[in-house]
Amino acid sequence: MFGREKKSDSPDSSLDNEQQQYANNYYDPDIAHPSAEYDDDLHVQCPPHTTQRKLIAKIDLRVIPVLSILYLLAFLDRTNIANASIFGLQGELNLENTQYNNALTIFFIPYIVFEIPSNVLLKKLKPHIWLSACMFLFGLVTICQGLVQNYSGLLATRFFLGLAESGMFPGSFYLIGMWYKRSEAQRRYSFFFGSTSLAGAFGGLLASAIGKMSGTRGYLGWRWIFILEGLLTCVVAFFFFFLIPDFPENAKWLNEEERTYIRRRLRKDQGRSAAERAIGIKDVINVFKDYKVFVGGFMYFGLIVPAYGYAFFAPGIIQTYGYSPIQTQLHSVPPWAASFTFAMIVAFFSDKFKHRFAFTLIPICIAIAGFGILITVHTNHKLEYGALFCVTMGVYSAMPVIVCWFTMNLGGHHRRAVGTAWQIGFGNIGGIIATYAFLPKDKPNFFRTGYSICISFICLSATSCLIYAGSVVWQNRMREKAPRDLGLTEFEKTEMGDLSPDYRYLL
């Protein structure tokens, strides 16, 4: 596929000799002329012993499955409280009024606050150390959650669960973004993000089985849900210490030629990464001088409310359709499975056309249609259940596109690490709103208030996507018209990341 290149004394000197070639990290957002999935459009030579397709497949098998399983277990341990509630958690702990909602909310406080520090530590300690350690800790906390005896104990475990999980999502997204070109990232992001849907489906099936253990050793079914699922996470975390990949610069499972090639293709597509320099306070402040960072936060924030609203309250909503606890768990599985399938379809076409914007709005419209049905229809349970499919397919397909779009438009390690953590952290404030969207007092009113809140925030996300799309198109046009040579050194361009005049954003 690629010709053999001339060997130099070292890979690093070869990179320096070609600095002019890689300085221009241009990406053409024109969707009218999509190129093949794997091509030589970057003009970067592949090592002679392999092909680009084989090397990317090797990376896929090492990076995506491990991180997807990691986040599947994280999301499972985070949301299994909804399944536990069906099996008697609120009754045994004597939770009243909004105490259950308070327990959901307290998770998000440390989860939001510690996401940016977590990404800084991820880069400092290496991903395989930091992510596996966090994974073991949130598994241990989940086990403790199954042993609590009162409301205070539940609050304490939910708080520490949020602390331990704070680095999972932004850290994994950051890590994936440092392995792939922007035009090939969406399917990987969507498959990773789809682990939330698989966790929902798997959680429902697992809960329906574990719930039958109620009474074993004097524990109700809800306790066994926490204990067994937390134990599973702890066991997997031990093996993941050896399996979680590090950044391309430190990947020992690639040889030097392969690592050099990966660095070159990413530099050509995304610009220099400044991976060798630690992230400082000044880097964090500089990221927030770009208004697009705040717009990106609102894009994700708007969809978090319906996403967590569904994840935390779907079993309760489905139970109102007249199902038993076991049947409720089983009926919660198909909407999650459908959302995973649809998300992968959306991701395939988004990568095929090298375009993101349209593939955020289409799923968002589907989600709005689903909530519209739920607000207006209350006597046809089959139609209401079908509307849940629209909700999950729309929300959980748009979210990975939004995060991928924003993340992959951030250039360099520093801006990407901080920007990704910011988007996820700020967006998860919506999780606090979601925990109070569906209150017990609204049940007689068919949860109209909760559905209305979800639609409102989805519209906020759609508006933010429009603003962000307009911003990147405008900035691309301004940079096309601006003089090419502004006297900037390669170091200055590297420090600027996507703010470099040579950088072009993906629409």
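Helices (H or I, at least four residues) are DSSP runs, numbered from the N terminus. The model is predicted: local features need pLDDT of at least 70, side-chain atom pairs count only at pLDDT 80 or more, and totals for chains, interfaces and linings use all residues. Residues are numbered from 1 along each chain as its sequence is written, and side-chain values use heavy atoms, with hydrogens and water left out.

**Exercise 1.** Determine which helix supplies the largest share of the nonpolar patch.

*Solution.* Begin with the helices that each supply at least two residues of the patch: H7 (115-125) and H12 (221-243). Next, assign the shares: H12 gives the largest, eight residues.

**Exercise 2.** Classify Asn119 as buried or exposed, and identify the residues that Asn119 touches.

*Solution.* First, locate Asn119 in helix H7. Second, apply the cut-offs: buried means under 20% relative accessible area, exposed over 50%, partly exposed in between (1.4 Å probe, protein chains only). At 1% relative accessibility, Asn119 is buried. By contrast, Leu121, also a residue of H7, is partly exposed at 33%. Third, list the contacts (heavy atoms within 4.5 Å): leaving aside residues up to four places away in sequence, Asn119 touches Pro170, Gly171, Tyr174, Ala417, Thr420 and Ala421. A polar atom of the Asn119 side chain lies 3.3 Å from the backbone nitrogen of Gly171.

**Exercise 3.** Compare the span of H17 with the expected value, and state which helices its buried residues pack against.

*Solution.* The 20 residues of H17 (333-352) reach 29 Å from first to last C-alpha, close to the 28 Å expected at 1.5 Å a residue. The expected span is 1.5 Å times one less than the number of residues. The buried residues, including Trp336 and Phe340, pack against H3, H11, H15, H16, H18 and H19.

How values were computed:
A polar contact is a pair of N or O atoms within 3.5 Å; within protein, one must be able to donate a hydrogen and the other to accept it, and residues adjacent in sequence count only if both atoms are side-chain atoms.
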